[in-house]
Amino acid sequence: MEKLFEKLNEQLDNGGFIKAVLSGAFDKTVKKTVYEPVSVSKETLYRRDTFDTDGKDIRKNLRRDEFIEDVTKLCTGYRQMNIICVSFSAEVLRSKKGAVHISYGKGAGAPAAPSDNDRKKNYILDPTEKYDFLVMLGIEDKDGRIKDKKQSKWRQINRFLQIVGDVTPKLPDDGAVIWDLCCGKCYLSFAVYYYYTAILHKNVTLYCVDRKRDVIEECASYAGALGFNGMKFICGDVFKCLPERDPDMVLSLHACDVATDIVLSEAVKRNAKVILSSPCCQHELAGQLDCPDLQFITKEPILKQKLCAIITDALRCKLLHASGYAVTTLEFIDPDETPKNLLIRAEKTAIPEKIRQKERREYDELCERLNVDPMMRKLLS
Ligand SMILES: C[S@@+](CC[C@H](N)C(=O)[O-])C[C@H]1O[C@@H](n2cnc3c(N)ncnc32)[C@H](O)[C@@H]1O
């Protein structure tokens, strides 16, 4: 084993380590443990994912010395360890009594260009760093460690920041106005504000709107304590209580049912350059959809519910397109973590009037055929 860890250390020195997988835990509480390198800021960390037999995934990022110590200790509890590096691979088989057999194989070769998956790992926030706003929001503990139950929220925030980063060139270089509508506990708003002001060193004004008074008051007090002076808080219904200043970008994560229609319509009316909206609880059309051609689906209540959610979002995208936006939909988090992971990304674009009119005609025809009259259509009529 000593020789193996020497070889592994060499690979760590030159960036050739790709993956280590421990499987066949003797105590059967864990399905497998996987280590992979991740780039965080300029440093390489080693992410350890432990997949419990009860379906939980516990993630931790380790520095290099912690990683070697961790894998050395942990591997003694597993029947098998596979190490894959650029220049060699190794399989370690261990008996319950501790007898070890190691076989070496070919390496995986030089790594390919980073895939989208790798990109996802290049988090904007550093998982080993303490962020006061994340401590305040209860995502990190007081020592800056991401709480086990908040790992998924942390990944969600980071993924969202990457998407925000992608659309940033669309916004004014300085002084952008951002709305986060139906902001709830403002996880996203604090992260976006931090990203622009502390990481990109840009001025932004970020309005957070939600109808829950206690939540808004609490978030306002956090922003005050953090000195996030460009964050403004409005308690009220997004239908009526919106900021006077027009937005450059409108964000909205999981605004339930027709609240998303209000968000999208207001963003269009107020000429937002970018809209990032993750809809949820699309119930509206379930009470309207009436289309004989689709009865083979709608006769099953669960399928009807799923179909209505997809139709709701597809119609929203079409109407956004007809309103002058280039629209893409993406899954912004792992579907295993939450089914509410669809994100509508809309960017104001010079779409020729002819195409917009055609889109609008098609949209209206679809609504007639499906016998639906969505809220967004009413709001933008
Ligand atoms: C599921 S939570 C999402 C919160 C937050 N965006 C997040 O993802 O963590 C939905 C939020 O929308 C707010 N909300 C729903 N309808 C609203 C409306 N018409 N006006 C203002 N807030 C609304 C609720 O109060 C709630 O805080």
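**Domains, ligand shell and a helix pair**

The protein chain is assigned two domains, with domain 1 covering residues 2–120 and domain 2 covering residues 125–379. The model is a predicted one. Between the C-alpha centres of domain 1 and domain 2 the distance is 37 Å.

The ligand is a useful place to look next. Around the ligand there are 16 residues, and those that come nearest are Cys182, Gly184, Arg211, Leu253 and Ala259. Strand β11, which runs over residues 249–256, gives the most to this shell, contributing four residues. Sorted by class, the shell around the ligand holds nine nonpolar residues, five charged residues and two polar residues.

Then there is a pair of helices. Helix α10 spans residues 301–322 and helix α11 spans residues 353–370. The axes of α10 and α11 come within 8 Å and cross at roughly 155 degrees. An angle over 145 degrees counts as roughly antiparallel, and α10 and α11 are therefore roughly antiparallel to each other. The crossing of these two helices, α10 and α11, is left-handed.

Which residues of α10 and α11 meet? On the α10 side they are Ile311, Leu315, Lys318, Leu319, His321 and Ala322. On the α11 side they are Arg356, Glu359, Arg360, Glu362, Tyr363, Leu366 and Leu370. By class, the contact of α10 with α11 is made up of seven nonpolar residues, five charged residues and one polar residue.

Methods: Residues numbered from 1 in each chain as written. Predicted model: local features only at pLDDT ≥ 70, side-chain atom pairs only at ≥ 80, totals over all residues. Domains from an automatic or database assignment. Near = placed C-beta within 6 Å. Nonpolar A, V, L, I, M, F, W, Y, C, P; charged D, E, K, R; others polar. Axes fitted to C-alpha atoms, helices over the stretch in contact; angles between N-to-C directions. Parallel < 35°, antiparallel > 145°, perpendicular 65-115°, else oblique. Left-handed = near helix turned anticlockwise from the far one by under 90°. Contact = placed C-beta atoms within 7 Å.
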